Amino acid sequence: MDVLRPQIIRIGDRCYRKNPTLDRDFNALEEEEYEESTIQCDSWNDETCDTFNIEETDRGYQTSVNLPSAFFKHIIGRKGETKRRLEIETKTQIRIPREGVEGEIVITGPERKGVVSAKTRIDVIVDSVRRKEPFTHFLSLPVNSQPIRERFLEFQEDVLRKCDSDRGIDPTIFQKPEKLHLTIGTLVLLNKHEIQQALDTLEDCKQSLIEPILRGEPLTVRVQGLEYMNDDPSSVDVLYAKIQAGEQAERLQILADRLVDRFSTTGLMQQEYSRVKLHLTVMNTLMRRDPTSIPGERPPEGKRGYKERESFDAMNVMKNFGLYDFGNYTVNSLHLSQRHGAGKDGYYVCAGSVSLP
């Protein structure tokens, strides 16, 4: 780890520095099953760090944490080591539901600052584990009107006709026209409570973000031109259509960035970059093996057995279609989409959505 640029974890509106774990002689399976994370945080001596509810009881203080049961084993740790260490260092008692049972984790202790510290450390453990989980949902803007789909199919037909002999180009790497979209951000939602939390956040964004930014005016952008996500056009994994610069594109950029800012405060979405890269993926080599792949997705961190994807030569595609015009599109809805499966309309299954003007 670069000590001058440590990994930063955001929980709510606060930032924490994640320290590397000590190397231990665990076997490979245990290393995958249990992640131990430590942080440096002033929460032990800084009661302003807590933004959650702490109840005063006859024996001291208490708070609860509503988490999916999938996280429990990581908080308990190997043979209970993580939980035991947390309790000793924060002078608290941490009650966790038994394996396979959904429920709240309850933290109690004689001092408020100890309860705050235990809750914060659990949040960081959960954040670290969530980063390594494959995403389950994503915020998306469908860009699949009939005119856009028709232009895309023409593009696909032309590319396969003119570039069919180029390395790696075949029909399997093209996006399905019904699923053309802009990805705002991905989420890991592991139970019904988290899905509902994301839906509530989405609904809140309609009034607090979408309406003030758009002010009742339609958002129409032009999809034109191609770009690739690496430096070598002869070895490309993702080819995407660009959103043409202009006033409308800037409004869309502001909206996308604000949405990620808002969702990242919930802990359900990771904010990797300061600006959302607005792009409409048209070809993606991940689709060779996973048609549900989301453009720009990285393999889950720490997963073994990940095979390097087979790239394709996009030099002729860029030469012949680099300025391809897919047409105008008026963005009319924002979806919380499920990663796997498709709805009746061919688009990703919609867990919830809000309309745009």
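This is a conversation about a predicted model of one protein chain.

Visitor: How many helices and strands are there in the protein chain?

Guide: The predicted model has 8 helices and 15 strands in the protein chain, and buried residues make up 47% of its 357 residues.

Visitor: And what share of the contacts join residues at least 24 apart?

Guide: If you take the contacts between residues at least 6 apart in sequence, 72% of them join residues at least 24 apart.

Visitor: OK, the interior next. Which residues touch the most other members of the largest nonpolar core?

Guide: Those are Phe 155, Phe 326 and Leu 334, in a core that holds 59 residues. Helix α6 gives the most to this core, with 8 residues. Apart from it lies another core of 19 residues, which includes Ile 54, Leu 86, Ile 96 and Val 116.

Visitor: What does Phe 155 touch, not counting residues up to four places away in sequence?

Guide: With those set aside, Phe 155 touches Phe 174, Leu 226, Val 282, Met 283, Phe 321, Tyr 324 and Phe 326.

Visitor: Back to α6, then. Which of its residues are buried?

Guide: The buried residues of α6 are Glu 194, Ala 198, Leu 199, Thr 201, Leu 202, Cys 205, Leu 209, Ile 210, Ile 213 and Leu 214. Cys 205 from that list is also where a kink of about 45° in α6 is centred.

Visitor: With that kink, how far apart are the end C-alpha atoms of α6?

Guide: They are 31 Å apart, and since 23 residues (192–214) at 1.5 Å a residue should span 33 Å, the two values agree.

Visitor: What goes on at the start of α6, and what just after it?

Guide: At the start, a side-chain oxygen of Asn 191 reaches to within 3.2 Å of the backbone nitrogen of His 193. Just after the helix, Arg 215 takes a positive phi of about 55°.

Visitor: How does helix α7 do on the span check?

Guide: Helix α7 covers residues 247–264, and its 18 residues should span 26 Å at 1.5 Å a residue, which agrees with the 26 Å between its end C-alpha atoms.

Visitor: And what do the buried residues of α7 pack against?

Guide: They pack against α6 and against the strands β8 (137–142), β9 (181–187), β10, β11 and β14. The buried residues of α7 include Leu 252, Leu 255, Leu 259, Val 260 and Phe 263, and polar or charged ones such as Arg 251, Gln 253 and Asp 257 are buried as well.

Visitor: You mentioned β11. Why would one call that strand largely enclosed?

Guide: Strand β11 runs over residues 238–243, and 5 of its 6 residues are buried, so the rest of the structure largely encloses it. Strand β10 (residues 219–228) pairs with β11 in the antiparallel sense over 4 bridges, with Val 223 standing opposite Ile 243. Strand β12 (residues 279–284) is also antiparallel to β11 and is joined to it by 5 bridges, and there Tyr 240 stands opposite Thr 281.

Visitor: Switching topic: is Ser 333 buried or exposed?

Guide: Ser 333 has 13% relative accessibility, and because the cut-off for buried is under 20%, Ser 333 counts as buried. Its place is in strand β14 (residues 333–342).

Visitor: What polar contacts does the side chain of Ser 333 make?

Guide: One joins the side chain of Ser 333 to that of Asn 332, at 3.4 Å, and another goes to the side chain of His 335, at 3.2 Å. Leaving aside neighbours within four places in sequence, Ser 333 is in contact with Ser 140, Leu 141, Pro 142, Val 354, Ser 355 and Leu 356.

Visitor: Last one, Thr 63. Where does its side chain reach?

Guide: The side chain of Thr 63 reaches the backbone oxygen of Asn 53 at 2.7 Å. Thr 63 lies in strand β5 (residues 60–67) and is buried, with a relative accessible area of 4%.

Visitor: Which strands does β5 pair with?

Guide: Strand β4 (residues 55–57) is joined to β5 by 3 antiparallel bridges, and the two form a hairpin with 2 residues between them. Strand β7 (residues 103–109) pairs with β5 in the antiparallel sense over 7 bridges, where Gln 62 has Thr 108 as its bridge partner.

Notes: Residues numbered from 1 in each chain as written. Predicted model: local features only at pLDDT ≥ 70, side-chain atom pairs only at ≥ 80, totals over all residues. Heavy atoms only, no water. Buried < 20%, exposed > 50% of the residue type's maximum accessible area, 1.4 Å probe, protein only. Pairing = 2+ DSSP bridges. Expected span 1.5 Å × (residues − 1). Bend = angle between axes of the 7 residues up to and from the residue. Polar contact = N/O pair within 3.5 Å; in protein donor to acceptor, adjacent residues only side chain to side chain. Contact = heavy atoms within 4.5 Å. Core = buried A, V, L, I, M, F, W, Y, C linked by side-chain atoms within 4.5 Å.
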